[in-house]
Amino acid sequence: MIPCPNCGEELKTVVSTYEVPFFGKVLLTSISCKCGFKHADSIVVETREPVRYTIKINRNNLFTKVIRSTSGTIRIPEIGVSVEPGPASQAFITNLEGVLDRIEGIVRTAMRWNAEDEEKVGRCRWILERIQNTLHGEEELTLILEDPLGNSLIISDEAFREIMSKEEAERLKKGLTVIDITGLNEEELLERSQ
Ligand SMILES: [Zn+2]
């Protein structure tokens with residue numbers, strides 16, 4: 001048995017594999033405990049090079065699958081949002097709509113926490129509007145997913161995949177998950193939104 005690092009009880013471990021066409025196997029592991037401790041991650045079994053995926057999000061590809069490992073950084077440059085790996089960050093499988101939902105939730109929380117700051121609230125409103133417009137087909141946003149360990153991916157022919165140079169991979173921030181408008185990390189924001 002593997003003891004829980006939090007309480008010492010036995011951890012529940014789930015490993016599932018996910019077959020990605022033309023790409024190979026992705027291992028998804030999650031461990032959880034009765035006390036609430038949990039951790040999830042994804043590992044690409046076959047190819048593991050620093051990668052960057054770029055895709056235009058529009059109304060017609062919202063169901064495109066996105067696997068973000070704990071080492072993956074998500075950026076949407078048009079709205080200045082980036083979700084970077086943090087010490088407590090979790091892997092997740094979602095789709096492009098799910099990524100937008102997640103960012104929307106974080107921005108809404110940020111808006112509540114900055115209610116007295118008109119400028120920040122205005123910026124949050126502007127971001128929410130860009131997201132809504134994209135969901136409704138009135139505009140497009142660019143999603144960039146970068147992973148120095150090659151464990152994240154976007155499963156779509158529309159996604160442009162490139163191998164990052166070593167220098168680029170090293171430049172990726174590690175250890176912080178921030179939405180630049182708040183200074184709070186993703187976990188703090190998610191906690192406060194619950
Ligand atoms: Zn525990």
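This is a short walk through one structure, from the overall fold to the zinc site and then the charged pairs.

Keep in mind that this is a predicted model. The protein has 4 helices and 11 strands. Of its 194 residues, 46% are buried. The exposed surface comes to about 10500 Å². Carbon and sulfur atoms supply 51% of that area.

Now, the contacts. Take those between residues at least 6 apart in sequence. Of these, 67% join residues at least 24 apart. Hold on to that, as one of the salt bridges spans the chain in a similar spirit: Arg-52 and Glu-168 are 116 residues apart.

First, the metal. Which residues coordinate the zinc ion? Four cysteines: Cys-4, Cys-7, Cys-33 and Cys-35, each through SG. The distance is 2.3 Å. Along the chain, the donors follow the spacing C-x2-C-x25-C-x1-C.

What is the geometry of the site? Tetrahedral, with angles of 102 to 113° among the 4 donor atoms. For reference, the ideal angle for four tetrahedral donors is 109.5 degrees. Four donors count as tetrahedral if all angles lie between 85 and 135 degrees, so this site qualifies.

Are Cys-33 and Cys-35 buried or partly exposed? Cys-33 has 11% relative accessibility, so Cys-33 counts as buried. Cys-35 is at 36%, so Cys-35 counts as partly exposed. The cut-off for buried is under 20%.

On to the salt bridges. The count comes to 9. I will take three of them.

Start with Arg-52 and Glu-168. Their closest N and O atoms are 2.9 Å apart. The pair links distant parts of the chain. Arg-52 sits in strand β4, residues 51–57. Glu-168 sits in helix α3, residues 166–171. Arg-52 is buried, at 13% relative accessibility. Glu-168 is partly exposed, at 26%.

Next, Arg-108 and Glu-104. Their side chains meet in a salt bridge at 3.3 Å, N to O. How far apart are these two in helix α1? They are 4 residues apart, so about one helical turn separates Arg-108 from Glu-104. Helix α1 covers residues 96–113. Here the glutamate is the buried partner: Glu-104 has a relative accessible area of 13%. Arg-108, at 38%, is partly exposed.

Third, Arg-130 and Glu-129. This salt bridge is 3.9 Å, N to O. Arg-130 is buried, at 15% relative accessibility. Glu-129 is partly exposed, at 44%.

There is also a network. Salt bridges that share partners join Arg-52, Arg-75, Glu-146, Glu-162 and Glu-168. So our strand-to-helix pair, Arg-52 in β4 and Glu-168 in α3, belongs to a wider group, because shared partners connect it to the others.

One last arginine. Where is Arg-68? Arg-68 is in strand β5, residues 65–68. Its relative accessibility is 0%, so Arg-68 counts as buried. What does its side chain reach? A polar atom of the Arg-68 side chain lies 3.2 Å from the backbone oxygen of Gly-72.

To recap. The zinc ion has a tetrahedral site, built from Cys-4, Cys-7, Cys-33 and Cys-35. Arg-52 and Glu-168 bridge strand β4 and helix α3. Arg-68 is buried, with a polar side-chain atom 3.2 Å from the backbone oxygen of Gly-72.

Technical notes:
Residues are numbered from 1 along each chain as its sequence is written. This is a predicted model: local features need pLDDT of at least 70, side-chain atom pairs count only at pLDDT 80 or more; totals for chains, interfaces and linings use all residues. Side-chain values use heavy atoms; hydrogens and water are left out. Donors are N, O and S atoms within 2.8 Å of the metal (3.2 Å for Na, K and Ca); water is not among the atoms, so sites may look incomplete. Four donors count as tetrahedral if all angles lie between 85 and 135 degrees; four count as square planar and six as octahedral if opposite donors are over 155 degrees apart and all others between 65 and 115; anything else is irregular. Buried means under 20% relative accessible area, exposed over 50%, partly exposed in between (1.4 Å probe, protein chains only). A salt bridge is a side-chain nitrogen of Lys or Arg within 4 Å of a carboxyl oxygen of Asp or Glu. A polar contact is a pair of N or O atoms within 3.5 Å; within protein, one must be able to donate a hydrogen and the other to accept it, and residues adjacent in sequence count only if both atoms are side-chain atoms. Contact means heavy atoms within 4.5 Å. Accessible areas come from the Shrake-Rupley method with a 1.4 Å probe; for residues, only the protein chains shown count as cover.
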